[in-house]
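Here is a friendly walk through one chain, strand by strand, with a stop at its pocket. Please keep the sequence and the model open beside the text.

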Amino acid sequence: MKHLNAILLATLVVLMFSASCKKDEPDDPIIPHEEEVITTLRYSLIHDTVGIPVVLSFQDLDGDGGNPPVVTADTLRAHTTYSGSLTLLNELETPAENITEEIEEEASDHQFFFQSTLSNLIVEYDDADEDGYPVGLSTTLTTGSPGSGTITIILRHEPEKDAAGVASGDIANAGGETDIEVTFNVDVK
């Protein structure tokens with residue numbers, strides 16, 4: 001009987017030792033959404049008769065926490081309609097990665113929102129995803145009376161495009177994650 005107890009005790013010790021020495025094998029990480037690295041955003045606005053683009057530009061080549069981003073704005077003409085296009089880049093890559101193409105390919109997962117403190121400034125979507133919801137890479141921007149204010153451009157990843165007001169550019173019910181948000185100080189003359 002003593003011999004049987006010793007065998008049982010030895011077996012129990014071996015099992016406990018092997019269980020305590022078992023390495024935790026890491027599971028493959030699940031990355032639900034790899035955020036795009038966006039260092040540069042350019043909003044180019046072209047007027048039919050002037051032909052020279054007005055460019056609102058944001059560039060942050062060292063990312064969050066480094067040097068402040070370089071934000072440049074241009075002057076818009078009053079009571080004028082522009083064709084707008086957005087370009088986004090990751091300039092940490094060599095050559096620079098064109099994020100615009102990724103947004104076009106995943107259009108149903110992205111939407112830009114345009115907010116302004118300028119009175120009578122209207123931005124309308126000129127593009128749509130496969131379900132007919134707006135994306136915002138192409139827009140029409142119409143200015144009103146002269147004045148100064150801001151234009152804020154926000155890119156949301158996986159917004160609720162069918163939520164109330166989102167298709168018309170209201171971000172309040174959009175949800176999702178903000179990939180980039182940039183505010184430009186703009187003069188309208």
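Y82 in strand 5 has L141 in strand 9 as its bridge partner. That pair belongs to a ladder of 5 bridges that joins strand 5 to strand 9 (residues 138–142), with the two strands running antiparallel. This is a predicted model, so please read every value below as computed from predicted coordinates.

Strand 5 (residues 81–90) has other partners too. Strand 1 is joined to strand 5 by 8 bridges, again antiparallel. Two of the residue pairs can be picked out by name: Y43 is the bridge partner of L86, and R42 is the bridge partner of T87. Strand 6 (residues 97–98) pairs with strand 5 in the antiparallel sense over 2 bridges, and N90 has E97 in strand 6 as its bridge partner. Strand 5 and strand 6 form a hairpin, with 6 residues between them.

Strand 1 also leads to another hairpin. Strand 1 (residues 40–47) and strand 2 (residues 54–59) run antiparallel and are joined by 6 bridges. L45 stands opposite V54 in strand 2. This hairpin has 6 residues between the strands, and G51 takes a positive phi near 80° there.

The antiparallel pairings can be set side by side:

| Strand pair | Bridges |
|---|---|
| Strand 1 and strand 2 | 6 bridges |
| Strand 1 and strand 5 | 8 bridges |
| Strand 5 and strand 6 | 2 bridges |
| Strand 5 and strand 9 | 5 bridges |
| Strand 7 and strand 10 | 7 bridges |

The last row takes us to an open sheet of 4 strands, ordered 4-11-10-7, with mixed pairing. Which strands form its edges? They are strand 4 (75–76) and strand 7 (110–116), each of which pairs on one side only. Strand 7 and strand 10 (residues 147–157) pair in the antiparallel sense, and Q111 stands opposite R156 in strand 10.

Now for a single residue in strand 2, Q59. Is Q59 buried or exposed? Its relative accessible area is 26%, so Q59 counts as partly exposed, because that class lies between the 20% and 50% limits. Beyond its neighbours within four places in sequence, Q59 is in contact with T39, T40, P69, V70 and E91. L41 lies 18 residues from Q59 along the chain, and their C-alpha atoms are separated by 6.6 Å.

Next comes the largest pocket, which holds about 270 Å³ of space. Its lining is made up of 15 residues, and I38, D60, G63, D64 and D179 lie nearest its centre. By class, the lining residues divide into 7 nonpolar, 2 polar and 6 charged. Which strand gives the largest share of this lining? Strand 11 (residues 177–188) does, with 4 residues.

Finally, the chain as a whole. There are 2 helices and 11 strands, and along the sequence they follow the pattern α-β-β-β-β-β-β-α-β-β-β-β-β. The chain has 189 residues, of which 34% count as buried. Its accessible surface comes to about 11,500 Å², and 51% of that belongs to carbon and sulfur atoms. Among contacts with a separation of 6 or more, residues 24 or more positions apart account for 65%. The bridge between Y82 and L141, where we began, links residues of strand 5 and strand 9.

Conventions
Residues numbered from 1 in each chain as written. Predicted model: local features only at pLDDT ≥ 70, side-chain atom pairs only at ≥ 80, totals over all residues. Heavy atoms only, no water. 1 Å grid on protein atoms, 1.4 Å probe; cavity = no way out; pocket = protein on both sides within 12 Å on 5 of 7 lines; lining within 4 Å. Points joined across faces, edges and corners; volume = space filled by probe spheres on them. Nonpolar A, V, L, I, M, F, W, Y, C, P; charged D, E, K, R; others polar. Pairing = 2+ DSSP bridges. Buried < 20%, exposed > 50% of the residue type's maximum accessible area, 1.4 Å probe, protein only. Contact = heavy atoms within 4.5 Å. Areas by Shrake-Rupley, 256 points an atom, 1.4 Å probe, with all protein chains shown as cover.
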